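User: I have a protein model to study. Can you take me through it by question and answer?

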Amino acid sequence: MNLHGTPLSSRARFLHDLMTGAARYDQRARHPRDLFAGVATAHAAYTLDASQLSAYELGALLPAVYRVDVENGDAVSARWEVEKEVRERQPLFTPEACADLFDAMAGRWENIRLGAGALVRCPAGAPLDRLTDPARVVVERLLQEDRLDEPFSLLAVAGLAGLDTEVAERLTAGRGPLAVAEVELLLGWDVARRALFAEFVQEISETPSYRNVPPPLPDARERLSTLPGYVAFVRTTVEAAAARVAAIHAGELPYRAEKAFGVGEKQTIGRAVRIALLRDEPWLPEPLERLVRGVAVAPTKAKTLPSQGVLFEIARAAEDHPTPEAVSALRAARDATRHAGVPKQLDRMLKRIEPALADRVEVAFQLPDGRVRRTLGEHTAVISIDGEVELSWWHGDRKLKTVPAAVKREHPDEVKRLRELAKQVRGQQATLVRALEAGYAHQVAPPYRRLEGHPVADRLIWDFEVSPGVWRSELGLTVPDVPVRLWHPARATPEEVRAWREIVQDKELRQPFKQAFREVYLLTPAEEATGVYSNRFAGHVVGYHKLYALFKQRGWQAGYLGPWDGGSGGEARRVLAGGGWRATFFHDYLWHEDGYATTGQVRFQRAAEDGWREAPLGEVPPLVFSEAMRDVDLFVAVASIGADPEWLDRGVDGLRDYWQSYGFGDLSENARVRRDALARLLPRLAIADRCSLADRFLVVRGELRTYKIHLGSGNILMEPNDAYLCIVPRGSGDRVFLPFEEDGGLLSVIVSKAFLLAADTEITDPTITRQIRP
């Protein structure tokens, strides 16, 4: 069967016949039956599954969605299946399918967003004359009913209908000059470019999408950013907005709270700023800084703002495409505003913006290195980034313990500013480190050479391609003029990994992130057998709030779950390899135990033209697989109830077996690396003669008992009867060099417990002594 110029597979024809009433679906027999002859058709046995349809098949079937008889249950079920797949993927349309879709919408009901979406998904240069009449019917009906909630989709379809003048008149009425200029710009575009713009607007819209609208084109804003006319408009818009705010502050325009911009201008400015941030335009920092500061403070002493809306719209744009300059401008606005609620809202947004900057690796490498030296009278303030970021005060060559009294007295504002700057530098260093770590999974090496001479780069191991295909590892960016990449243990021999771990330990080199001791996750036989999913970390019980916080910390996107309808099943996703791959971690909220969740499968999807397509685990690039699985191992290790020493006191009987098996069971890859680090660390400790390593435990011999600290959870058993010892970590005064610090800090917790228990006769805490000396 050929439909709208698209050959249909048997499955696609089956769904089409169901929606048009030509067949019905017998769920017991699992095949359709002809309504007229009453016999089985030639179709194969199918479930209602549209996941294997091609993009053009989805586009060919969409017109039938609009013609479904709602009294026909089989037809409605098939429609829901097609709509579900359309929401996940990108359909494509032949000109014939596009024409039939407009006929269907004009005949029964219209979805102008889908109509515009079909236009941008038609082949370039496709003849669209056939769409004029149905497009006119749709547009005239929307104008008559005053339905202008999708203005740019309407403007795209109006170009087909020949109704530009009528639609433009309605869309510009009462709008601010910047918004009017945007509409006038689009009127000079062809239908395909207008539809592309509508796609961009849909992508950044905060309003919910229609149920059968495909996800926005992933490259819509990138394609817009290459249109010279729009790029020029972007700069004109941002500079005009900054000039208007400057005129308000200069008294050239009257000040009215929240009225600096007219109807529609907030959105126009937001779109322009997004494209400029995406392109990292060199002209942007200066007008953006003036605009952001200008809208955050009234020209009078009032606590109102010229435009909270524009301020927060720019912050939302910076969440999508952060730059160091945008972060700096928003921080300045946060400090300058007099409105009580604005700093709190900006703080929440900046917490999302700064981690997102790490995902733009090339832009993040533009961050200043953070080193500062300021002379204040006879004293000098220094912000150093060698190791931890530190603000120190000096008198000549002598380092002082506190801020000099003279400096406090004579330069109080500068002291406050330097403290804020040191805090900002800590954030910048954390962002840079995260960007470097994210670069592991990139298929094209980031521009690491920008970091030559940076203290962070000096503490990392690098691979240099000294001859074609031959890589040599060195500490620091020390080999010039050859390709460079970050060293990863998955690309090294076991002997090389052991050698680097020894060097890091001997030099007491605190690396910015776990590199020499980094875990490696290889595909297992069980995963090769399952093919498309991994159950390696399934079946764990975790504290949900801690798990959700880790998702955000590690850059995974997930909806918040809870005890409400639709709140039980979750999928956390992280995009890797510069957008080429996506990992999905399934988890479920425990309805009967508030605050807990269970873990499920990990799957991988490859970016394709029509959206994300599930991929066999064997096809996932090894570093992408390893880095994603490393995160999931971390989630379980930190959030598992088995790692909570107090859980037994408040736990539920049905979960005690899990707590016991995790808290003292086999070691994960994360815990095995921790064991290796301890093996190198123990000989250097003052308590080395009292410690030894077993398979899963650090064994510590005290005066009163011998203790076994589990290397995966930190939980403790006491010999001779393996009685459980509950010790809640409260920090340690023992200053011991650790080659890395994990999320959750379990390595330092284990070392701290070892020092405590080696001197068990000196323990005075009654909550511990009662357990040791029952």
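The turns below go from the whole chain to single residues.

User: How many helices and strands are there in the protein?

Analyst: This is a predicted model. Of its 774 residues, 52% count as buried. Along its principal axes the C-alpha trace spans about 90 × 80 × 60 Å. The secondary structure comes to 30 helices and 22 strands.

User: Among contacts between residues at least 6 apart in sequence, what share joins residues at least 24 apart?

Analyst: Take the contacts between residues at least 6 apart in sequence. Then keep those that join residues at least 24 apart. Their share is 65%.

User: Which residues touch the most other members of the largest nonpolar core?

Analyst: In soluble globular proteins, nonpolar side chains tend to be buried together. The largest nonpolar core here has 115 residues. Another core, of 48 residues, lies apart from it and includes Tyr596 and Trp647. In the core of 115, the residues that touch the most other members are Tyr230, Phe261 and Leu311.

User: Which residues of α13 does Tyr230 touch?

Analyst: Leave out residues up to four places away in sequence. The partners of Tyr230 then include Trp189, Phe197 and Phe200. Helix α13 covers residues 265-279. Within that range, Tyr230 touches Arg271, Ala272 and Ile275.

User: How many residues of α13 are buried?

Analyst: The helix is mostly covered. Its buried residues include Glu265, Arg271 and Arg274 as well as Ile269 and Leu277. Out of 15 residues, the number buried is 12.

User: How far apart should the ends of α13 be at 1.5 Å a residue?

Analyst: The helix has 15 residues. The expected span is 1.5 Å times one less than the number of residues. The end C-alpha atoms are 21 Å apart, which agrees with the expected 21 Å.

User: Which element gives the most to the lining of the second largest pocket?

Analyst: This pocket holds about 690 Å³ of space. Of its 19 lining residues, those closest to the centre are Arg331, Arg334, Asp335, Glu420 and Gln424. Two or more lining residues come from each of α16, α17 and α20. With eight residues, the element that gives the most is α20.

User: How many residues of that lining are charged?

Analyst: Sort the lining residues by type. Four are nonpolar and three are polar. The charged ones number 12.

User: What covers the buried residues of α17?

Analyst: The helix has 16 residues, and its end C-alpha atoms are 22 Å apart, which agrees with the expected span. Its buried residues include Leu346, Met349, Leu350 and Ile353. Glu354 is buried too. The cover includes α15, α16, α18 and α20.

User: Is Val504 buried or exposed?

Analyst: Val504 lies in helix α22. Among the residues it touches are Phe517, Phe737 and Pro739. Its relative accessible area is 1%, and the cut-off for buried is under 20%, so Val504 is buried.

User: What distance separates the C-alpha atoms of Val504 and Phe740?

Analyst: Along the chain, Val504 and Phe740 are 236 residues apart. In space, their C-alpha atoms are separated by 9.6 Å.

User: Where is Ser713 found, and is it buried or exposed?

Analyst: Ser713 sits in the loop between β20 and β21. Its contacts include Gly642, Tyr662 and Leu746. The relative accessibility of Ser713 is 4%, so this loop residue counts as buried.

Terms used: Residues are numbered from 1 along each chain as its sequence is written. This is a predicted model: local features need pLDDT of at least 70, side-chain atom pairs count only at pLDDT 80 or more; totals for chains, interfaces and linings use all residues. Side-chain values use heavy atoms; hydrogens and water are left out. On a 1 Å grid over the protein atoms alone, a cavity is a set of points where a 1.4 Å probe fits but cannot get out, and a pocket is an open set with protein on both sides within 12 Å along at least five of seven lines; lining residues have an atom within 4 Å of a point. Grid points are joined across faces, edges and corners, and a volume is the space filled by probe spheres set on the points. Ala, Val, Leu, Ile, Met, Phe, Trp, Tyr, Cys and Pro count as nonpolar, Asp, Glu, Lys and Arg as charged, and the others, Gly among them, as polar. A nonpolar core is a set of buried Ala, Val, Leu, Ile, Met, Phe, Trp, Tyr and Cys residues joined through side-chain atoms within 4.5 Å. Buried means under 20% relative accessible area, exposed over 50%, partly exposed in between (1.4 Å probe, protein chains only). Contact means heavy atoms within 4.5 Å.
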